[in-house]
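Hello,

Here is the structure you will be taking over. My notes on it follow below.

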Amino acid sequence: MRILLTGGSGFIGTNLTSHLFQKHPDYTIINFSPYRTGSRATNVARFETNPNYIYVDGIIENEQALEQAFGLGVDVVVNLAGQTHIDRSLQTPGSLICANVIGTQKVLDMSRKYSVNRVIQISSAEVYGPVHKGSEVAETFRLAPVNPYGASKVATELITQSYHQTFGMNTIITRSSNNYGPYQTPEKLMPLVITNALLNNPIPLYGDGGQMRDWLHITDHCSALDAIIHNGVPGSVYNIGGNQAATTKDIVQSVLQCLDRPWSLVQSVPDRPGNFDRYPLSFDKLTTDTGWKPTYLLEEGIRETALWYQSNADWWAEQREVTTIR
Ligand SMILES: Cc1cn([C@H]2C[C@H](O)[C@@H](COP(=O)(O)OP(=O)(O)O[C@H]3O[C@H](CO)[C@@H](O)[C@H](O)[C@H]3O)O2)c(=O)[nH]c1=O
């Protein structure tokens with residue numbers, strides 16, 4: 001099978017490439033991405049000696065570059081590319097909306113042109129917007145995003161569904177909760193807290209740190225995507241959750257404990273406008289269709305992740321400087 005990963009040099013793309021090569025060594029992985037912040041050559045250097053790995057430089061808004069990648073022959077596309085950081089979406093919504101929405105349309109058009117067998121569009125739990133504790137967040141839950149990032153993701157979902165309905169394309173949409181693990185750019189909470197703690201730098205805690213999230217280890221996310229590539233039902237939307245709820249404050253406390261750093265590093269800063277709680281997603285549909293379930297407990301995942309960053313300071317030292325935006 002020939003799988004095209006747009007955004008293949010980013011956090012999820014890098015981990016997914018590793019996973020796919022491990023589980024399916026005969027597959028070809030085409031990584032279509034630019035080298036830029038969060039999507040770096042050092043992330044993928046380890047794949048370069050693999051004859052089944054192909055890198056194509058480009059962004060998804062660029063049709064000519066896409067044409068080059070699709071022209072290599074593609075069975076499945078996983079559209080991971082796009083801008084993902086919510087704080088950044090509040091600062092520069094225009095570039096994020098253009099990258100996510102127009103980029104997705106171009107990936108879908110190219111997939112149609114080249115008769116790709118299956119397109120998996122990576123969306124986010126952010127599309128549900130604020131959720132009350134105890135709500136059953138299944139795929140049929142109402143979509144009510146509150147920030148430009150979430151709105152852009154809803155737009156990509158609707159465009160993807162329209163290509164399925166109108167052109168009969170085999171598309172699948174995934175909505176995952178908060179990912180964490182190795183190779184995550186230190187602009188997201190967990191790697192930012194870990195790297196600041198390792199440097200004994202102040203750790204910004206938004207508001208009272210009580211915002212709830214569901215945490216999904218990247219290894220579990222990759223096995224879910226593998227299951228969907230092979231057994232997902234065309235036209236479906238799948239939640240991918242870790243079933244591990246914790247507040248920001250809980251995460252910070254666990255990281256500090258793992259790294260033996262004091263709470264005095266924590267500095268309270270104003271919360272992000274429109275921030276809200278997210279609770280674990282129901283992923284029964286994915287389990288029913290593919291048998292997938294998450295395996296990671298949060299404490300174990302945090303410990304492993306903190307140790308990975310501790311042992312890979314060369315990897316994150318440079319990019320910390322360029323990605324810190326608050
Ligand atoms: C970076 C940072 C974040 N926070 C808080 C803000 C949020 O309440 C919480 C998690 O923030 P983030 O790591 O930015 O993640 P969040 O806003 O939940 O969004 C993530 O999760 C979404 C899926 O649920 C993804 O689609 C997004 O791409 C991803 O960025 O931690 C802090 O308190 N301090 C920080 O320095």
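Just after α5, S115 takes a positive phi of about 50 degrees. Keep in mind that the model is a predicted one. Most residues other than glycine have a negative phi. Two asparagines also have positive values: phi is near 55 degrees for N200 and near 60 degrees for N243.

The two asparagines sit in loops. N200 is in the one between α7 and β8, and N243 is in the one between β10 (237-240) and β11 (245-247). N200 counts as exposed because 11 other C-beta atoms lie within 10 Å, the cut-off for exposed being 12 or fewer. N243 has 18 C-beta neighbours inside 10 Å, so it counts as partly exposed.

Back to the helix that precedes S115. Helix α5 covers residues 93-113, which is 21 residues. From first C-alpha to last it reaches 30 Å, close to the 30 Å expected at 1.5 Å a residue. Its buried residues are L96, N100, V101, G103, T104, V107, L108, M110 and S111. The elements covering these buried residues include the strands β1 (2-6), β4 (76-79) and β5 (118-124). Helices α3 (63-70), α4 (86-91) and α6 (148-167) are also among what covers them.

Next, the ligand. Which residues are closest to the ligand? They are T84, S124, L189, Y206 and Q211, out of 20 residues that surround it. Two elements, α7 (189-198) and β8 (203-206), give two or more residues to this shell. β8 gives the most, with 3 residues. By class, the shell holds 7 nonpolar, 8 polar and 5 charged residues. The loop between α7 and β8, the two elements just named, is the one that holds N200.

Finally, the chain as a whole. The protein chain has 12 helices and 12 strands. Its radius of gyration is 19 Å; a compact globule of 326 residues would have one near 20 Å, so the two agree. Along the principal axes, the C-alpha trace spans about 55 × 45 × 40 Å. Of the 326 residues, 45% count as buried. Among contacts between residues at least 6 apart in sequence, 81% join residues at least 24 apart.

Regards

Note on methods:
Residues numbered from 1 in each chain as written. Predicted model: local features only at pLDDT ≥ 70, side-chain atom pairs only at ≥ 80, totals over all residues. Near = placed C-beta within 6 Å. Helix = DSSP H or I, 4+ residues; strand = E, 2+ residues; numbered from the N terminus. Nonpolar A, V, L, I, M, F, W, Y, C, P; charged D, E, K, R; others polar. Rg over C-alpha atoms; globule rule 2.2 N^0.38 Å. Buried ≥ 20, exposed ≤ 12 C-beta atoms within 10 Å, placed from the backbone. Contact = placed C-beta atoms within 7 Å. Expected span 1.5 Å × (residues − 1).
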